[in-house]
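Let us walk through this structure step by step, beginning with a term that the later paragraphs rely on.

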Amino acid sequence: MKEGENNFSPIEEHFGVPWKISTIRKDGKFGFFLHCGLKKADKWSIELNREQKLLSMAGKTVSKSGTKTFSKPGVEWGWSSFVTWDELMKNHVVDDSFSVEVHATIIKMIGIKLRNFDESTEKYSDVVLIVEGTKFYVLKQYLASQSTYFDSLLLGNSKETKKSKKSEITLSDIKSDDFQHFLELICGESSIDESTIDGIIHLSNKYDAKLAIQKCEEFLMKYSEKPLKEKLKLASKYNLKQLKNDCLSKISSSSDIRSVLSYDSSEMDPAVVLELLQKSTASNN
């Protein structure tokens, strides 16, 4: 490694975004950075947690972590002094080489498509769905297999189905961004996060996409940081029984009960309200 010269790893693409690592030797220090190579004109951002590791066969692995939001191209993120150059040579270099790793967890992505449904996929589609003027090129059979609504609309025998025989169909009263995330999810992408869950679960319920609903419920139970009252509200609205039971099992103290009952109880499942009141009575005895 020459003084002051960046050394880049091969580019890897994850969730449709190119990433690479760089290292540098400068002023007796070893620098180690993560680069996001996304280049697009529209507004975008990627918030992630990451852990950067300098590995060692003999000594102790050096690890540093943090949270960062990328929102423009050409930005690097890391440490110009990850370790001293002497420490690198002494504890981490074996046979004139060393190893570094970056473990990243994406928290939220805005303005980034995990999969395209535009004109570039036209030859693989047999119907175009139009939402807020945006055209989505999709396959009838696959969409129908994921949603009873689209099964009826695209493959059934109703009057609506006959209308859908045309190559373009307009879907009303939904947002194009939400539909993009919904399509990504049913096509196997990990499009659910805190910023997309509300829109995705609304469309999953609207179009009776059972697997998508299941994935939304799993996210809310295992990964979402929404407060319990918000989760219970969604559980009641979309009849998510596992989520409801999971939330109720986590409510034990009087403060927990008060926080959940702090919004309009008319929006909640009466059975949930009753159980919370029973818990409250029990906690006061």
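A residue is called buried when its relative accessible area is under 20%, exposed when that area is over 50%, and partly exposed in between. The model shown here is a predicted one, and with this scale in hand we can turn to its charged pairs.

By that scale Asp246 is buried, because its relative accessible area is 18% and thus under 20%. Asp246 takes part in a salt bridge with Lys250, in which the closest N and O atoms lie 3.2 Å apart, and Lys250 itself is partly exposed, with a relative accessible area of 43%.

This pair belongs to a set, since the structure holds 6 salt bridges. Another of them links Lys222 to Glu218, with 3.4 Å from N to O; both residues lie in helix α7, which covers residues 210-222, and they are 4 residues apart, or about one turn of the helix. Of these two, Lys222 is exposed at 58% relative accessible area, whereas Glu218 is partly exposed at 35%. A further salt bridge joins Asp208 and Lys210, whose closest N and O atoms are 3.0 Å apart; here Asp208 is partly exposed at 26%, while Lys210 is exposed at 54%.

From the charged pairs we move to a sheet. Three strands make up an open sheet with the order β6-β5-β8 and antiparallel pairing, and its edges are formed by β6 (62-70) and β8 (100-110), each of which pairs on one side only. On average, neighbouring strands of this sheet are turned by 15 degrees against each other, direction ignored. Between β5 (residues 45-54) and β8, which run antiparallel, there are 10 bridges, and Ile46 stands opposite Met109 of β8.

Conventions: Residues numbered from 1 in each chain as written. Predicted model: local features only at pLDDT ≥ 70, side-chain atom pairs only at ≥ 80, totals over all residues. Heavy atoms only, no water. Pairing = 2+ DSSP bridges. Helix = DSSP H or I, 4+ residues; strand = E, 2+ residues; numbered from the N terminus. Axes fitted to C-alpha atoms, helices over the stretch in contact; angles between N-to-C directions. Salt bridge = Lys/Arg side-chain N within 4 Å of Asp/Glu carboxyl O. Buried < 20%, exposed > 50% of the residue type's maximum accessible area, 1.4 Å probe, protein only.
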